[in-house]
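Visitor: I should like to understand how the descriptive terms applied to a structure are justified. Would you take me through them one by one?

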Amino acid sequence: MATKVYGADGVEYSAEATKQLDTYERAGFGNLPVCIAKTHLSISSNPALKGAPTGWTLPVREVRASVGAGFIYPICGDMRTMPGLSKNPAAARIDLDEDGQVVGLS
């Protein structure tokens, strides 16, 4: 994805990211789809690189798995992420009954 979609020359994995990928593979999650978490300010992982830069390397510092949602996501750069949700998250079952009481929390 980094070379074909983003135009990077390659990918550089931190030691932690490599260890995490190995752990996910051993746990049977090696075929999950990938969703890359990077800055929205650039096609690269560097917000200062504008347009469609070339000659850069995508740094993967960490890899997380959202097994319930069914994907893994490399973290490229310093960023905050949101949790992955399953197709039927628990929050979808929370509601108010006719008396205004919260239901669906347990």
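Guide: Let us begin with exposure: a residue is buried under 20% relative accessible area, exposed over 50%, and partly exposed in between. The model before us is a predicted one. R61 has a relative accessibility of 31%, which lies between these two limits, so R61 is partly exposed.

Visitor: Why is E62 called buried or exposed, as the case may be?

Guide: The relative accessibility of E62 is 15%, and the limit for a buried residue is under 20%; E62 is therefore buried.

Visitor: What makes the contact between R61 and E62 a salt bridge?

Guide: Side chains of opposite charge can pair when their charged atoms come close. The rule asks for a side-chain nitrogen of Lys or Arg within 4 Å of a carboxyl oxygen of Asp or Glu. In the pair R61 and E62 the N to O distance is 3.2 Å, so the criterion is met.

Visitor: How do you know that R64 forms a salt bridge with E62?

Guide: The closest N and O atoms of R64 and E62 are 2.8 Å apart, and the cut-off is within 4 Å, so this pair also qualifies. R64 has a relative accessible area of 25% and is partly exposed. The count by this rule is 2 salt bridges, and R61, E62 and R64 are linked in a network.

Visitor: Why is C35 said to be in no disulfide?

Guide: A disulfide is a covalent bond between the sulfur atoms of two cysteines. The criterion is a pair of sulfur atoms within 2.5 Å. For C35 the nearest cysteine sulfur is that of C76, 10 Å away, so the distance is too far for a bond. The structure accordingly holds 0 disulfides.

Visitor: Which exposure classes do C35 and C76 receive?

Guide: C35, at 41% relative accessibility, counts as partly exposed, whereas C76, with a relative accessible area of 2%, is buried.

Visitor: What makes C76 part of the largest nonpolar core?

Guide: Membership calls for a buried residue of a listed type, Cys among them, joined to others through side-chain atoms within 4.5 Å. C76 is buried at 2% and is one of the 12 residues of the largest core, which also includes A8, W56 and L58. The elements giving two or more residues to this core are α1 (15–26) and β2 (57–60). Leaving aside residues up to four places away in sequence, A8 touches A2, T3, W56 and L58.

Visitor: How do you know whether K38 is buried or exposed?

Guide: K38 has a relative accessible area of 15%, and buried means under 20%, so K38 is buried. K38 lies in the loop between α1 and β2. Its contacts, not counting residues up to four places away in sequence, are Y6, I43, S44, S45, C76 and M79.

Visitor: Why does N31 receive its exposure class?

Guide: N31 is also placed in the loop between α1 and β2. Its relative accessible area is 79%, and exposed means over 50%, so N31 is exposed. The C-alpha atoms of N31 and V11 are separated by 19 Å, the two residues being 20 apart along the chain.

Visitor: What is the volume of the largest pocket, and which residues are closest to its centre?

Guide: The largest pocket has a volume of about 220 Å³. Of the 13 residues that line this pocket, V11, Y13, V34, I36 and P74 are the closest to its centre. At least two lining residues come from each of β1 (10–13), β2 and β4 (71–75).

Note on methods. Residues are numbered from 1 along each chain as its sequence is written. This is a predicted model: local features need pLDDT of at least 70, side-chain atom pairs count only at pLDDT 80 or more; totals for chains, interfaces and linings use all residues. Side-chain values use heavy atoms; hydrogens and water are left out. Buried means under 20% relative accessible area, exposed over 50%, partly exposed in between (1.4 Å probe, protein chains only). Helices (H or I, at least four residues) and strands (E, at least two) are DSSP runs, numbered from the N terminus. Contact means heavy atoms within 4.5 Å. On a 1 Å grid over the protein atoms alone, a cavity is a set of points where a 1.4 Å probe fits but cannot get out, and a pocket is an open set with protein on both sides within 12 Å along at least five of seven lines; lining residues have an atom within 4 Å of a point. Grid points are joined across faces, edges and corners, and a volume is the space filled by probe spheres set on the points.
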